[in-house]
Amino acid sequence: MILRQYLNSVKGEYEFVIIDCMPSLGMITINALVAADSVLIPVKAAYLPVKGLQQLIKTIGRVHRKLNLALGIMGILLIKVDLRTNFARDISAQIREAYGNRVRIFENCIPLSVKAAETTAAGKSIYLHDPKGIVADGYHSLTQEVLADEE
């Protein structure tokens, strides 16, 4: 509740506050969910992350019911997507089929790119490391999609 209280005290100063959490359901993630208004769920287009998605959505539902009635799901964002492969297309289709009528699936996705993996080692954002690349382009398109909802 401390994080939520702090964010409530400063949220008038910002249009958006983004809390980036590790892909786990530990206390840091729970604290972020309690403090959040909405959740954007990034999901790698692979089998195991899709299985974890079901548990995350259940956890978000529990946090919503017991700790944060304002919490909602902004949508699911497919990341590290290699649309050249049938596997990635199949996973994307499965997510849309399983969740698409209950949760928004963003039209834009973040493509798979070696340049994106290099950003961690370089200690730079994708916009500094490869500003004209497909991943920076994907995040820019996602930003436009999210901002269009705010209008």
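Buried residues have under 20% relative accessible area, exposed ones over 50%, and partly exposed ones lie in between (1.4 Å probe, protein chains only). The model described here is predicted: local features need pLDDT of at least 70, side-chain atom pairs count only at pLDDT 80 or more, and totals for chains, interfaces and linings use all residues. Residues are numbered from 1 along each chain as its sequence is written, and side-chain values use heavy atoms, with hydrogens and water left out.

Helices (H or I, at least four residues) and strands (E, at least two) are DSSP runs, numbered from the N terminus. Three residues illustrate the accessibility classes.

| Residue | Location | Relative accessibility | Class |
|---|---|---|---|
| Val-17 | loop between α1 (2-10) and α2 (27-35) | 43% | partly exposed |
| Met-74 | strand β2 | 24% | partly exposed |
| Asp-82 | loop between β2 (72-79) and α4 (86-99) | 16% | buried |

**Surface patch.** Val-17 belongs to a nonpolar surface patch with Leu-3, Tyr-14 and Ile-19, and together they have about 340 Å² of accessible area. Such areas come from the Shrake-Rupley method with a 1.4 Å probe, and for residues only the protein chains shown count as cover. Patch members have over 30% relative accessible area and no salt bridge; like charges are joined within 9 Å, and nonpolar side chains (Val, Leu, Ile, Met, Phe, Trp, Tyr) within 5 Å. A salt bridge places a side-chain nitrogen of Lys or Arg within 4 Å of a carboxyl oxygen of Asp or Glu.

**Strands β1 and β2.** In a regular strand the side chains alternate between the two faces of the sheet. In strand β1 (residues 38-44), Val-39, Ile-41 and Val-43 make up the covered face, whereas Ser-38, Leu-40, Pro-42 and Lys-44 make up the uncovered one. Strands β1 and β2 pair in the parallel sense over seven bridges, pairing being assigned if DSSP finds at least two bridges. Leu-40 stands opposite Gly-75 in β2. Leaving aside residues up to four places away in sequence, Met-74 touches Ser-38, Val-39, Leu-40, Arg-104, Phe-106 and Val-146; contact means heavy atoms within 4.5 Å.

**Asp-82 and helix α5.** The side chains of Asp-82 and Arg-84 are joined by a polar contact of 2.8 Å. A polar contact is a pair of N or O atoms within 3.5 Å; within protein, one must be able to donate a hydrogen and the other to accept it, and residues adjacent in sequence count only if both atoms are side-chain atoms. Asp-82 also touches Ala-88 and Leu-112, with residues up to four places away in sequence not counted. At the start of helix α5 (residues 114-122), a side-chain oxygen of Ser-113 comes within 3.1 Å of the backbone nitrogen of Lys-115. Gly-123, just after α5, has a positive phi of about 70 degrees.
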